[in-house]
Structure formats: C-alpha cells, structure tokens
Amino acid sequence: MKVALIGPTGFVGSEVLKELLSRGHEVVALARTPAKLEAQSGLTVVQADVQDAAQVAGAVQGTDAVVNAYNPGWGVPDLYDQFLAGTRAIYAGTRQAGVKRLLVVGGAGSLYAAPGVQLVDTPEFPQAWKSGALAAREALNLIREETSLDWTFLSPAVHLEPGERRGSYRVSLDTPVMDANGPAHVSTADLAVAIVDELERPQHIRRRFTVGY
C-alpha cells in the first residue's frame, strides 16, 4: 500500500512511520521541513504546508490512503485555530486528490464519560489540554459531514504515552477502553499498530473508534 502520512515527525506520526515501513508499505511523508526526516527505504518526503489544501492535494495524489496525524504543537498560542485550519485543508486536499481513504488521529477528549457528556466537558479535564481537545472534537464533527471519503477517526486511550510495542490492544467505539483502575492507557507504538491494522483490514469505515490495553 502507498500511504501519505501527515505529521511524520510528531509524537504519534513518528511511530506510524516506523510501523508502516516495518510492514513493507510505501510512505509519502508530508513535511514542512523535509530535512528532519532521515532517508529510508520505502520513504519519499514531500515538502508541503498542510494548511494549504492545494499543496496537500498535490502531495497525496496517487496514494492509496492518507493518515492525518497533524498537530501544530501543544505550545502554539492559537492552537485551536491552527489545528482546524490544517484539518480543513487536509480534508479538502484529500478530496481534491481523489484519495478515498482517510484515517484521522484525533484526541480522547471527545469520548463519552457518561451518556451525553464528553470527557473534554467534565470539570476534571486538564485545562492545559483543553484547546487541542476541543479542536480535535471539531475535527471529528467535520469528518462526520464527509460523504465522499471512506474515513476513520481514531481516538487514543485516555492515557497515551511512549512505551513498548506489545502488538495488541482492545477496542471500543465512543467510550474509553477501561481497565481495573479506570480509563486504560496505550503506548504510541501500539496506537500506531492499531492505525496500520485499520488501514490493512478496515473495520471502522465512517466511524470513530478508540483503543487501549
């Protein structure tokens, strides 16, 4: 499979890049600064501004699927606006390029803590993460309006952290995966496993799902 990857140097995207290449897929990585990525077999790096739909379309044209792991950075003052500007451009560019399959890596904040109550709206949700979580929720709302794309939206576990690749995880849809202590965690490596598994064996076309241990 030839996969366009947006956000290949990020917290999640860097693990997705490793997982795709380890399984023999061809990767077209969109990067604002291509020099940040080392040359590897199976990897093509394309310079592109992902807030420009035309640049996205040109870069992803001819691929089988797009993985959107875009995040402008948690320290960006206007994170909400930048996140959504990139999101809209990526969705539009993917459509313009004629690529049907789009997998979006979102946040856990839009998962439901209780019926009708999303985690991002609970009093205990960390303020430091709220702007990004609200933007990711809007990204989910926007993708749900798509009628031409075979999209999937993957929310990570509530606790996402670096760690080993186990190669296994449990799946839920709109509520967090839970363990004996509450919301489960998952490593970025195994979130990447789930992403590539979904590309290879689609189970959630036009649906959101989440994973955790």
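A cavity, as I use the word here, is a set of grid points where a 1.4 Å probe fits but cannot get out, and its lining residues have an atom within 4 Å of a point. I need that before anything else, since my notes start with the enclosed space. One caution for the whole notebook: this is a predicted model.

**Entry 1: the cavity**

I looked for enclosed space and found one cavity of 30 Å³ or more. Its volume came out at about 50 Å³. Which element gives the most to the lining of this largest cavity? I found that H3 does, with three residues. Strand E5, residues 101–105, is named beside H3, and each of them supplies at least two residues of the lining.

I then wrote down the residues around the space. Asn68, Tyr70, Phe83, Thr87 and Tyr91 line the largest cavity, and so do Val104, Val105, Gly106, Ala139 and Phe153. Sorted by class, the lining has seven nonpolar residues, three polar ones and no charged ones.

**Entry 2: the pocket**

Next I turned to open space. The largest pocket holds about 1100 Å³. Its lining runs to 43 residues, and those closest to the centre are Ala69, Tyr70, Asn71, Trp74 and Phe83. I had already met Tyr70 and Phe83 in the lining of the largest cavity.

Which elements give two or more residues to the lining of the pocket? They are strand E2 (26–31), H3 and helix H4 (130–143). H4 has the largest share, with three residues. By class I noted 25 nonpolar, 14 polar and four charged residues in this lining.

**Entry 3: H3 against H4**

H3 and H4 kept turning up, and I checked how they sit together. Their axes come within 9 Å and cross at roughly 25°. Angles under 35 degrees count as roughly parallel, so H3 and H4 are roughly parallel to each other. The crossing is right-handed.

On the H3 side, the contact uses Leu79, Tyr80, Phe83, Leu84, Thr87, Arg88 and Tyr91. On the H4 side I listed Ser131, Gly132, Leu134, Ala135, Ala136, Glu138, Ala139, Leu142 and Ile143. The class count for this contact is 11 nonpolar, three polar and two charged residues. Phe83, Thr87, Tyr91 and Ala139 were familiar names, as they also line the largest cavity.

**Entry 4: H3 against H2**

H3 (residues 79–97) has another partner in my notes: helix H2, residues 53–60. The two pack at an angle of about 45°, with axes 7 Å apart. H2 and H3 are therefore oblique to each other. H2 passes H3 in a right-handed crossing.

Here H2 brings Ala53, Ala54, Val56, Ala57 and Val60, while H3 brings Ala89, Ile90, Ala92, Gly93, Thr94, Gln96 and Ala97. How many of the contact residues are charged, and how many polar or nonpolar? I got no charged residues, three polar ones and nine nonpolar ones.

**Entry 5: H1 against H5**

My last look was at helix H1 (residues 13–22) and helix H5 (residues 188–200). Their axes come within 8 Å, and the crossing angle is roughly 55°. That makes H1 oblique to H5. I put this crossing down as right-handed too.

From H1, the residues in contact are Glu15, Val16, Glu19 and Leu20. They meet Thr188, Ala189, Ala192, Val193, Ile195, Val196 and Leu199 of H5. I counted the contact by class as eight nonpolar residues, one polar and two charged.

Terms used: Residues are numbered from 1 along each chain as its sequence is written. This is a predicted model: local features need pLDDT of at least 70, side-chain atom pairs count only at pLDDT 80 or more; totals for chains, interfaces and linings use all residues. Side-chain values use heavy atoms; hydrogens and water are left out. Axes are lines fitted to C-alpha atoms, for helices over the stretch in contact, and angles run from 0 to 180 degrees between N-to-C directions. Helices (H or I, at least four residues) and strands (E, at least two) are DSSP runs, numbered from the N terminus. Angles under 35 degrees count as roughly parallel, over 145 as roughly antiparallel, 65 to 115 as roughly perpendicular and the rest as oblique. A crossing is left-handed if the near helix is turned anticlockwise from the far one by less than a right angle, and right-handed if clockwise. Contact means heavy atoms within 4.5 Å. Ala, Val, Leu, Ile, Met, Phe, Trp, Tyr, Cys and Pro count as nonpolar, Asp, Glu, Lys and Arg as charged, and the others, Gly among them, as polar. On a 1 Å grid over the protein atoms alone, a cavity is a set of points where a 1.4 Å probe fits but cannot get out, and a pocket is an open set with protein on both sides within 12 Å along at least five of seven lines; lining residues have an atom within 4 Å of a point. Grid points are joined across faces, edges and corners, and a volume is the space filled by probe spheres set on the points.
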